[in-house]
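Dear colleague,

I am handing over the structure below, together with a short account of what was found in it. Please look through it with the ligand site in mind, which is where the account begins.

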Amino acid sequence: MKKILFIDACMRGEESRTRKICEKLIESRMEKEDYQLQTVKLEKEKIIALDCEALNYRTRLIEANSFSDEIFDYARQFASADLIVVGAPYWDLSFPAVLKNYFEAVSVCGMAFSYGPDGVPYGLCQAEKLFYVTTAGGFIGSLNFGYDYIAGLCGLYGIKEVEQIKAEGLDIEGFDIQTILNQAFNQVVTA
Ligand SMILES: Cc1cc2nc3c(=O)[nH]c(=O)nc-3n(C[C@H](O)[C@H](O)[C@H](O)COP(=O)(O)O)c2cc1C
């Protein structure tokens, strides 16, 4: 069965509006097609950034072409997903730091991507599409660093289609938050 991987970087517990949009998107996809859902809740996973010791350990394993260690579990899961949904609120012009730690764990040469003899990288991930779902208190405008970064990684990983779903202005007093969210809910049903 095909797999949807939901990478949940929503840190604000049950109240998270970003997660609600993700859940609607996933529900809609699962109604249309048989999928197995795998969720990585980053608030619970507590993935630490690569430090000297972890990096040296990982590099030794990669050089030995030995990918069975659990240090590669996130990369293995990501590379074998058929559809990926990243849910990340717009924080400090990008996204919560836990998501960067997650992608450090995923970006393994030999698993998520590799290099040809000409030095040009090619992707090893099988997902046909990645959705990047975000909500912002204000407006993202041209400072879309979170989405741009993830879209860049998708190029490296070989994921050809990347789509952003966003809801903005959610912390602006006087804005009709429910109407803005309903627009995003409608958008994900047809996405
Ligand atoms: C730590 C933090 C940083 C934030 N940085 C920004 C920002 O740079 N720009 C902005 O428009 N909103 C910012 N916000 C507001 C969030 O983007 C907004 O409340 C969002 O809808 C939160 O998503 P959630 O409901 O899924 O938690 C920030 C909120 C937090 C808690």
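For the shell around the ligand, Ala, Val, Leu, Ile, Met, Phe, Trp, Tyr, Cys and Pro are counted as nonpolar, Asp, Glu, Lys and Arg as charged, and the others, Gly among them, as polar. On that basis, the shell residues in this predicted model divide into six nonpolar, five polar and four charged.

The ligand is surrounded by 15 residues, of which S16, T18, Y90, T135 and D171 are the closest. As for individual polar contacts, an N or O atom in the side chain of T18 is 2.5 Å from an oxygen atom of the ligand, a polar side-chain atom of S16 lies 2.6 Å from a ligand oxygen atom, and a polar backbone atom of L93 is 3.2 Å from an oxygen atom of the ligand. On its own the ligand has 640 Å² of accessible area, and the protein covers 74% of it.

Turning to the interior, the largest nonpolar core has 31 residues, and those touching the most other members are F78, I84, L99, Y102, F103 and Y157. Two or more residues each are given to this core by strand 1 (2-8), helix 4 (73-80), strand 3 (83-87), helix 5 (97-106), strand 6 (129-135) and helix 6 (145-157). Apart from this core lies another, of 20 residues, including L25, V133, L181 and F185.

Leaving aside residues up to four places away in sequence, Y157 touches F78, F103, V106, S107, A112, F113, G123, L124 and C125.

With best regards

Definitions and conventions
Residues are numbered from 1 along each chain as its sequence is written. This is a predicted model: local features need pLDDT of at least 70, side-chain atom pairs count only at pLDDT 80 or more; totals for chains, interfaces and linings use all residues. Side-chain values use heavy atoms; hydrogens and water are left out. A nonpolar core is a set of buried Ala, Val, Leu, Ile, Met, Phe, Trp, Tyr and Cys residues joined through side-chain atoms within 4.5 Å. Buried means under 20% relative accessible area, exposed over 50%, partly exposed in between (1.4 Å probe, protein chains only). Helices (H or I, at least four residues) and strands (E, at least two) are DSSP runs, numbered from the N terminus. Contact means heavy atoms within 4.5 Å. A residue is near a molecule or strand if one of its heavy atoms lies within 4 Å of it. A polar contact is a pair of N or O atoms within 3.5 Å; within protein, one must be able to donate a hydrogen and the other to accept it, and residues adjacent in sequence count only if both atoms are side-chain atoms. Accessible areas come from the Shrake-Rupley method with a 1.4 Å probe; for residues, only the protein chains shown count as cover.
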